[in-house]
Amino acid sequence: MRTPIVYTMGKVASSAISTAIRRTGRLVHDIHTLNDETLMREMRKAVDENRFPNPHFCVSMAWKAREITIRQRAVYISLVRDPVARNISAYFQNLWRFVDKLDGGDRAEVDAYVDDFINRYPHHFPVNWYDREYKEFLDIDIYAGVFRTQNGYQLSHHERVVIFRVDTPDEVKSRILTKVLGFDVEVQRANEAAEKAYSDDYEAVRALVQLEAPLLDQIYGSQFVRHFWDDDEIEAMRARWLAPNSQI
């Protein structure tokens with residue numbers, strides 16, 4: 001039986017997939033990176049702070065040590081999301097890296113969060129992720145496959161790789177995972193930002209984020225975006241985040 005590996009960038013609702021598989025009693029691994037430099041940097045930081053590393057990093061290191069010998073027995077599951085929306089969510093998940101604390105939620109504070117996100121966040125992180133991870137460490141070119149937007153998923157490399165868009169219906173995710181993994185999987189949404197303590201601030205920032213046209217052109221003109229969304233969807237996402245006075 002193939003081992004399911006949820007190998008995806010963060011903040012794309014991957015916990016719903018992992019939870020669904022675990023409910024069946026099967027083992028599933030969650031990893032966000034196989035990059036040596038990233039893994040070692042996190043390990044050193046954890047040691048310096050006298051703590052254990054994030055469990056995702058521990059699983060990543062353990063899997064990387066074994067991956068070469070058991071690669072053919074793995075099914076890699078990944079998800080994608082509007083990159084700007086994903087980045088806003090990731091910013092709040094890791095807000096402690098950027099500001100001292102969440103406190104209050106008044107307009108001045110929210111404006112500070114928005115400015116911080118626009119000017120300091122690495123906006124291109126998601127659009128380069130598959131090249132940095134799947135291509136470099138698994139020698140898998142995601143873009144060599146076909147993602148049909150009307151279906152909401154991609155199966156490639158002899159069904160060893162499954163990619164869903166976040167907005168793909170849960171019943172479709174359940175059906176495809178059941179087919180590929182060979183046992184019944186029922187996906188249900190989990191870990192919504194609205195359930196987080198920062199949900200009010202998160203929604204306020206999301207409503208106020210406006211980016212300049214050149215940055216949006218880079219993001220939404222990327223191979224990543226053009227592979228997973230059609231032209232109308234791309235234009236709608238771009239329009240959602242475009243600053244009113246920015247050159248279109």
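**Burial, pairing and salt bridges in a predicted model**

Biologist: Why is R165 called buried?

Modeller: R165 has a relative accessible area of 5%. The term buried applies under 20%, so R165 qualifies as buried. The value is computed from a predicted model.

Biologist: What makes the contact between R165 and D167 a salt bridge?

Modeller: The side chains of R165 and D167 meet at 3.0 Å, N to O. The criterion is a Lys or Arg side-chain nitrogen within 4 Å of a carboxyl oxygen of Asp or Glu, and the pair therefore satisfies it. D167 has a relative accessible area of 52% and is exposed, because that class begins over 50%.

Biologist: Which residues are joined into one network by salt bridges that share partners?

Modeller: The network consists of E42, K45, E49 and R51. The search of the whole structure finds eleven salt bridges.

Biologist: How do you know that E159 and K179 form a salt bridge, and what does the pair tie together?

Modeller: Their side chains are 2.4 Å apart, N to O, and the limit is 4 Å, so the pair counts as a salt bridge. E159 belongs to the loop between strand 4 and strand 5, whereas K179 belongs to helix 7 (residues 170–181); the pair therefore ties together parts 20 residues apart in sequence. With a relative accessible area of 27%, E159 is partly exposed.

Biologist: What separates D116 from R120 along helix 5?

Modeller: D116 and R120 are four residues apart in helix 5 (residues 107–120), which means a separation of about one helical turn. An α-helix has 3.6 residues a turn, so residues three or four places apart point the same way. The side chains of D116 and R120 meet in a salt bridge at 3.2 Å, N to O.

Biologist: Are D116 and R120 buried or exposed?

Modeller: D116 has a relative accessible area of 9% and is buried. R120, at 48%, is partly exposed, because exposed requires over 50%.

Biologist: Why is strand 3 described as largely enclosed by the rest of the structure?

Modeller: Seven of the seven residues of strand 3 are buried, so the description follows. Both faces are covered: V75, I77 and L79 lie on one side, and A74, Y76, S78 and V80 on the other. Helix 6 (residues 129–138) lies across strand 1, strand 3 and strand 5, at about 170 degrees to strand 3.

Biologist: How do you know that strand 3 pairs with strand 1 and with strand 5?

Modeller: Pairing requires at least two bridges. Strand 3 (residues 74–80) has four bridges to strand 1 (residues 3–7) and five to strand 5, so both cases meet the requirement. Strand 3 runs parallel to strand 1 and to strand 5. I5 stands opposite Y76, V6 has I77 as its bridge partner, and V80 stands opposite R165.

Biologist: What makes strand 2 and strand 4 edge strands?

Modeller: The five strands form an open sheet of mixed pairing, in the order 2-1-3-5-4. Strand 2 (29–31) and strand 4 (153–156) each pair on one side only. From one strand to the next, the twist averages 20 degrees.

Biologist: Why is helix 4 called largely enclosed?

Modeller: Ten of the eleven residues of helix 4 (residues 83–93) are buried, so helix 4 is largely enclosed by the rest of the structure. The buried residues include P83, I88, Y91 and F92. At the N-terminal end, D82 acts as a cap, with a side-chain oxygen 3.1 Å from the backbone nitrogen of V84.

Methods
Residues numbered from 1 in each chain as written. Predicted model: local features only at pLDDT ≥ 70, side-chain atom pairs only at ≥ 80, totals over all residues. Heavy atoms only, no water. Buried < 20%, exposed > 50% of the residue type's maximum accessible area, 1.4 Å probe, protein only. Helix = DSSP H or I, 4+ residues; strand = E, 2+ residues; numbered from the N terminus. Polar contact = N/O pair within 3.5 Å; in protein donor to acceptor, adjacent residues only side chain to side chain. Axes fitted to C-alpha atoms, helices over the stretch in contact; angles between N-to-C directions. Contact = heavy atoms within 4.5 Å.
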